[in-house]
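Here are two worked exercises on how parts of a protein pack together. Have the model open in your viewer, and try each task before reading its solution.

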Amino acid sequence: MAETRREAWRVFWSSNISKLGITLLAILVIVSLYVVFTYPLDFGLKYWNNPSHWVDYPKGVPPEWTKYFTSENVTEHRIYTIYVPSESRFVESAGLYIKRYSITFDYQYDEFPSFLSFTVFNVTFSREPPIIFLEISRPDGVSARIYTLAVPGPQEGEEAPYMRYSETPFRVFLSGDPSVAQQLSRMLKRDFDISLTPTEINTIGPEKILFGKPDVGKNFTVLKGVYRVDVVLASGDEEDSVGYVRFVVAGNVYGWVGTDSLGRDLAVGLLFGFPVALLIGVVTTTLTTAVGTSAGIISGYIGGKTDDIIQRIADIINNIPLLPILIFLIFILKPSIWLIVFLLVAFGWPGLTIIVRSMILQLRTSQLVEAEVALGASKWRIMFRHIFPQIAPFIFAQMIFATPTAILAEAALSFLGLGDPSLPTWGQILNYGFRDGGVYVGYWWWIVPPGLLIVLTAITFVFLALGLEPVVNPRLRRFK
Amino acid sequence: MGLGRTLLIRGLSLLLVVFVVLLMVVIVLGATGVSDKILKAYVSEELRQIRQELSQRIRDPQELEKALEAYKLDLERAFGLDKPWYFRLPDMVRRVVMLDLGTSRTITSFSGSNKVSDIILERIPNTVILVTVAVMLSALVGISAGVKIATRVGSLLDRITSYFSAVSYALPSWWTGIIFILIFSFYFRLLPPGGMYSTPPPQEPLARLLDLMLHAVLPVLTLMAAILGGWIYVSRTIVLNVAQEDFVSAARAKGLPERIVMRRYILRASTPPILTNIVFGIAGSLGGAILTETVFRWPGMGLLYYEAITAFDEPLIIALTFIFTLIYAAARFILEILYVSLDPRVRY
């Protein structure tokens with residue numbers, strides 16, 4: 001037995017297509033293991049399908065490496081988070097403690113940022129509620145206070161120290177906030193003698209005014225140079241503090257694969273798809289093969305009424321159009337990954353059963369089986385100890401060959417909007433990209449990678465199956 | 001056994017399939033309480049009409065409510081809502097078969113009706129056109145290419161085809177469709193990204209036909225991409241197997257010209273198994289049509305499926321599931337007739 005196994009492996013390994021298949025499979029498994037050990041289990045619900053997790057990401061931008069293919073210097077995504085104030089002092093005349101959080105950066109891109117946002121987390125104070133200012137100094141010397149946040153005071157029954165924004169951070173979307181537009185309108189009047197109403201400013205985009213110098217008409221061109229953003233905490237007590245402040249200069253490119261229209265980092269979602277696709281493929285085909293083979297062996301060996309019943313059921317299920325019935329059942333019973341696997345097994349076994357039965361019909365008349373019967377072996381022992389091993393290699397090859405079908409079926413269901421919402425899959429990413437119109441506006445980074453990964457996973461198993469063919473069917477070995 | 005009897009058996013077993021699907025549908029609907037929901041929607045719809053009529057005659061609000069309550073009980077009894085769901089199975093089967101599933105929630109037919117049967121019936125031809133054209137073209141190209149390649153086994157073309165069919169097995173056709181849109185519609189602006197006609201559709205019949213064909217190119221190609229690879233490969237294998245049979249060698253030994261050997265001996269014997277393959281291919285195409293129509297917004301039953309899923313429209317999904325099964329069984333039966341009349345050996 002060990003000898004034949006080694007021989008089988010040698011035949012398998014001798015073809016290039018098997019080597020390719022094994023390499024791809026190894027990559028899939030390694031990536032899946034990485035994801036399983038590093039991702040939280042509730043990734044789908046808590047992060048992926050939770051829009052508030054993705055607010056500070058740029059929306060619908062291509063991957064970062066595309067900047068090497070454009071002549072322009074494309075804005076990269078920058079998140080500045082500061083925990084420690086760069087300056088703390090007491091202003092005696094006003095009786096206020098000032099804490100200053102400064103962010104300095106050199107903006108040398110040819111494009112405007114896609115948006116600006118400002119976040120404050122966990123403001124603690126013991127007496128008077130503090131006030132927080134956001135100020136920007138530009139390379140041309142112009143500076144403006146663009147946002148003022150008056151932290152809400154203590155409520156009745158609340159005791160010091162008072163905590164604000166400690167559970168959900170306070171976030172202002174600066175590109176679109178009315179008070180920011182008002183401040184910018186004032187800045188333009190004062191420093192450039194340009195009159196624009198806040199509404200006009202919001203149509204142009206506050207980020208273009210903040211990061212631009214006025215050109216002819218209402219156009220602005222990018223102002224390159226060193227910018228300083230100051231967040232100032234003015235409070236009545238020295239102990240008052242801020243957890244962190246964050247300033248986002250949103251880019252026009254992001255990450256390895258870009259982002260979707262909600263700002264989700266597609267690379268993160270695509271990685272999560274690896275173990276899910278493998279799980280669905282492997283679990284579904286293992287169960288389908290187990291059910292299909294057992295039913296085929298029993299049907300073929302026992303014969304009679306049992307055979308009739310199994311063959312009738314197999315014939316009926318085999319003639320049911322699969323996709324419509326899957327859509328109906330999953331829609332009515334609510335999508336979940338286990339339901340999808342169960343249904344793929346329930347409707348997938350008959351094909352194999354019919355083939356296995358015809359193989360058993362030949363085997364049951366063999367001398368080996370006759371000898372077993374004469375020795376008094378039980379039916380079950382003959383079926384699963386003596387007949388099964390003879391067809392096992394074929395069954396194994398069938399199992400590998402059926403894996404792409406299961407992966408593609410799940411992807412198709414997900415694409416139709418019937419995927420398990422708690423587990424993001426490649427099909428679901430494609431569904432969202434399609435539904436959101438990503439195809440019609442040319443968001444290729446949203447459409448091409450998930451499909452390629454589906455093809456890659458499916459073709460891995462096709463390669464393995466092709467490599468296994470000469471092992472299972474020795475007549476094909478002559479090419480060696 | 002005669003031809004008629006064979007066909008009768010096949011017909012009956014396909015009818016059994018339709019019946020099993022039907023039964024499964026109504027049992028699932030009953031057990032999950034969805035059939036209750038549908039019937040209750042029926043009742044409240046009727047009550048709304050009755051209320052309008054009665055409010056003209058009965059002025060006293062209390063009287064009116066009482067009368068309505070009585071009507072409601074009557075209606076619920078008539079619909080069987082006072083009994084557990086399994087007593088209603090025959091009635092539910094009748095409803096599904098007659099497509100008497102009330103009104104859809106939001107989706108309407110092109111003419112504005114929201115009766116389930118109206119919506120579905122006007123979509124059937126669109127799906128049938130698409131699938132028929134794609135299957136016929138695939139059969140034409142697939143079989144002729146398969147036969148051609150079978151005469152040149154081991155050639156470069158043969159190997160390319162083998163790889164092509166392996167890739168086509170691993171390729172989700174709907175994704176191919178999306179890529180087609182991205183390439184031919186978005187980047188090159190050669191073909192429309194979806195729909196059946198431009199808006200507004202051309203009035204002149206010839207221009208209209210041309211417009212339809214232009215819109216059909218990508219969906220048909222997508223459906224073909226899904227099935228063609230497999231068909232070429234299978235036709236090639238079948239022809240190869242037949243070509244190795246003794247009777248073919250005997251024909252060659254008699255000195256018959258290769259052309260006649262091919263036509264009279266190899267092809268005639270290969271047709272039935274190739275046809276069987278196409279029969280099973282129809283199933284794949286029907287499923288593929290759901291996805292392809294969705295991708296190209298082709299207004300057939302497949303797109304309707306997607307729209308119904310997105311709109312949570314239960315009555316439509318039930319009706320579509322039934323109609324799909326029915327059309328599938330009908331298509332199978334038609335090909336079965338073709339098959340049995342071509343191959344005398346199948347008459348069992």
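**Exercise 1.** Find the domains of chain B and describe how they meet.

*Solution.* Start with the bounds: the domain assignment, which is automatic or from a database, gives domain 1 (3–97) and domain 2 (116–342) in chain B. Next, take the centres over C-alpha atoms: those of domain 1 and domain 2 of chain B lie 38 Å apart. Now list the contact (heavy atoms within 4.5 Å): 16 residues come from domain 1 of chain B and 13 residues from domain 2 of chain B. Then compute the buried area (accessible area, 1.4 Å probe, lost on putting two parts together, summed over both): about 1400 Å² between these domains of chain B, with 86% from carbon and sulfur atoms. Finally, Leu7(B), Leu14(B) and Val18(B) supply 36% of the area that domain 1 of chain B buries against domain 2, more than any other three residues.

This model is predicted, with local features needing pLDDT of at least 70 and side-chain atom pairs pLDDT 80 or more, while totals for chains, interfaces and linings use all residues. Residues are numbered from 1 along each chain as its sequence is written, chains are lettered from A and ligands numbered from 1 in the order written, and side-chain values use heavy atoms, leaving out hydrogens and water.

**Exercise 2.** At what angle do the axes of H12(A) and H14(A) cross?

*Solution.* Helix H12 (residues 379–415) and helix H14 (residues 444–472) of chain A have axes that come within 9 Å and cross at roughly 165°. H12(A) is therefore roughly antiparallel (angle over 145 degrees) to H14(A).

Definitions and conventions:
Axes are lines fitted to C-alpha atoms, for helices over the stretch in contact, and angles run from 0 to 180 degrees between N-to-C directions. Helices (H or I, at least four residues) and strands (E, at least two) are DSSP runs, numbered from the N terminus. Angles under 35 degrees count as roughly parallel, over 145 as roughly antiparallel, 65 to 115 as roughly perpendicular and the rest as oblique.
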